[in-house]
Amino acid sequence: MLLQTHLGCQGRFTRCRDPTSVARSITASQARLSRTLCLSSCQLDTFAGPSPTRTSKRRFLKFMATSIDEAVAAEADAGQPAEAGAGASERELLYYAAKVCEQSQRYPDMASAMRKIVQGALDNEPSARERSLLAIAYKNLAHQHRASLRLLQRMEHLEQDEQDASSQQRLAVLRGYTSKVEGELQGVCDEVSEMVDVFLLPFATTPEAAVYYLGMKADFCRYSAEFKSGEEREAAATAAFEAYTTAWDTAQSELSPVHPARLGLASTFAVFHAEVLGQPAQAYALAKGALDEAVADEDPFGEKLRNNDTIAMMQLLRNNLKVWKRLVPQAAGGAEGGKQ
């Protein structure tokens with residue numbers, strides 16, 4: 001009943017040609033939705049724990065609602081309803097596999113599934129939800145390596161303070177393992193850059209997609225630069241700067257100041273200035289400019305800012321501005337210009 005009501009609200013029945021196709025459509029949707037809800041129910045313990053609270057219940061219900069929306073969106077993205085006897089396409093199954101991997105936090109497998117979608121989507125570029133899942137997969141994969149490297153660096157600093165006979169041996173072990181993790185992270189960054197250059201950017205049909213892909217490439221070049229030194233760091237930083245600059249120019253000319261992709265890019269480009277180039281003043285100026293333009297673009301009734309992603313990106317810019325303001329004492333007005 002829930003599925004029928006939901007599909008009815010989406011106007012799903014009006015697109016069917018006859019009662020038989022209606023039944024086939026419902027059956028296909030129910031099959032996909034039943035798998036999604038089965039996975040969702042497995043998350044109840046994760047969200048709620050042994051003693052569910054009101055907040056944890058709300059989180060679980062939100063997850064369930066999102067799962068239902070995605071099940072319906074999967075059919076909408078696929079176009080016309082499948083004919084009788086036709087199962088899910090390979091692309092749909094790969095997307096489903098990636099969602100399963102995300103919930104089980106199996107990010108290497110998730111990235112593998114999304115890479116297969118990208119490599120097979122030359123005639124039909126990834127949808128917005130596929131782009132989002134691709135970024136989630138690879139950013140979580142990179143995050144694991146970045147967190148490991150930060151921990152290894154702290155351990156190395158502690159060992160350097162030790163003066164006992166075996167300290168140099170332990171340092172050698174740490175440095176060897178650090179080199180291994182750095183190589184794995186570089187492999188992830190190279191893979192993303194190759195996908196963007198070969199499979200994604202050349203086939204982007206909208207400015208939003210182009211900005212998204214260039215920003216993604218720039219982010220992973222930044223991750224690479226974080227743990228390098230000398231000429232290698234300079235090369236990675238240069239590649240990141242070029243990708244960020246091209247993406248930012250496109251975003252400024254083609255996207256609205258309140259577009260989530262433009263605001264998200266402003267945030268990551270500013271982080272790059274602050275953390276990789278060591279330029280907090282430039283980071284502050286870029287973030288404040290993007291926030292001020294977004295606020296100025298808001299209409300009197302706030303209609304343009306009702307997008308949740310836009311609101312989240314603007315809040316992220318405000319939070320970063322508070323940090324960078326302390327590093328740029330001459331900044332006048334601080335983050336106050338971003339207040340609504």
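**Exercise 1. A pair within one helix**

Task: State where R222 and E226 lie relative to each other in the chain, and determine how R222 and E226 interact.

Solution. R222 and E226 are both part of helix α9, 4 residues apart, which is about one turn of the helix. This is a predicted model. The next step is to examine the atoms: R222 forms a salt bridge with E226, with the closest N and O atoms 3.9 Å apart. This distance meets the requirement that a side-chain nitrogen of Lys or Arg be within 4 Å of a carboxyl oxygen of Asp or Glu. As for its surroundings, R222 is buried, because its relative accessibility is 6% and the limit for buried is under 20%. Finally, R222 and E226 belong to a network of salt bridges that also links K139, R146 and D219.

**Exercise 2. Salt bridges between helices**

Task: Describe the salt bridge of D219 with K139 and that of E130 with R91, giving the helices and the burial of each partner.

Solution. A search of the whole structure finds 17 salt bridges.

Step 1. The side chains of D219 and K139 meet in a salt bridge at 2.9 Å, N to O. D219 is in helix α9 (residues 207-226) and K139 in helix α7, so this pair ties together parts that are 80 residues apart in sequence. With a relative accessible area of 4%, D219 is buried; K139, at 30%, is partly exposed.

Step 2. The side chains of E130 and R91 form a salt bridge of 2.6 Å, N to O. The pair links distant parts of the chain, with E130 in helix α7 and R91 in helix α5 (residues 90-103), 39 residues apart. E130 counts as buried because its relative accessibility is 6%, whereas R91 is partly exposed at 22%.

**Exercise 3. A buried glutamate**

Task: Decide whether E156 is buried or exposed, and list the residues that E156 touches.

Solution. E156 is located in helix α7 (residues 128-161). Its relative accessibility is 16%, so E156 counts as buried. Leaving aside residues up to four places away in sequence, E156 touches L171, L174 and R175.

**Exercise 4. Helix lengths and packing**

Task: Compare the span of α12 and of α10 with the span expected for each helix, and identify what packs against their buried residues.

Solution.

Step 1. Helix α12 (residues 280-297) has 18 residues, which at 1.5 Å a residue should span 26 Å; the end C-alpha atoms are 26 Å apart, so the two values agree.

Step 2. The buried residues of α12 include A283, Y284, L286 and K288. The buried residues of α12 pack against α10 (230-254), α11 (260-275) and α13 (308-327).

Step 3. Helix α10, with 25 residues, reaches 36 Å from its first C-alpha to its last, close to the expected 36 Å. Among the buried residues of α10 are A236, A240, Y244 and W248. The cover over the buried residues of α10 includes α9, α11 and α12.

**Exercise 5. The second largest pocket**

Task: Characterise the second largest pocket by its volume and its lining.

Solution.

Step 1. The volume of the second largest pocket is about 180 Å³.

Step 2. Its lining consists of L149, E182, G183, L185, Q186, S224, F227, K228, S229 and E232. By class, the lining has 3 nonpolar, 4 polar and 3 charged residues.

Step 3. Helix α8 (residues 167-200) gives the most to this lining, with 4 residues.

**Exercise 6. An unusual backbone angle**

Task: Explain why the phi of Q105 deserves attention, and place Q105 in the chain.

Solution. Most residues other than glycine have a negative phi. The phi of Q105 is near 60°, a positive value in a residue other than glycine. Q105 lies in the loop between α5 and α6 (107-119), and Q105 counts as exposed because its relative accessibility is 55%.

**Exercise 7. The chain as a whole**

Task: Summarise the secondary structure, the burial and the contacts of the protein chain.

Solution. The protein chain has 13 helices and 0 strands. Of its 340 residues, 40% are buried. Among contacts between residues at least 6 apart in sequence, 68% join residues at least 24 apart.

How values were computed
Residues are numbered from 1 along each chain as its sequence is written. This is a predicted model: local features need pLDDT of at least 70, side-chain atom pairs count only at pLDDT 80 or more; totals for chains, interfaces and linings use all residues. Side-chain values use heavy atoms; hydrogens and water are left out. On a 1 Å grid over the protein atoms alone, a cavity is a set of points where a 1.4 Å probe fits but cannot get out, and a pocket is an open set with protein on both sides within 12 Å along at least five of seven lines; lining residues have an atom within 4 Å of a point. Grid points are joined across faces, edges and corners, and a volume is the space filled by probe spheres set on the points. Helices (H or I, at least four residues) and strands (E, at least two) are DSSP runs, numbered from the N terminus. Ala, Val, Leu, Ile, Met, Phe, Trp, Tyr, Cys and Pro count as nonpolar, Asp, Glu, Lys and Arg as charged, and the others, Gly among them, as polar. Buried means under 20% relative accessible area, exposed over 50%, partly exposed in between (1.4 Å probe, protein chains only). Contact means heavy atoms within 4.5 Å. The expected span of a helix is 1.5 Å times one less than its number of residues.
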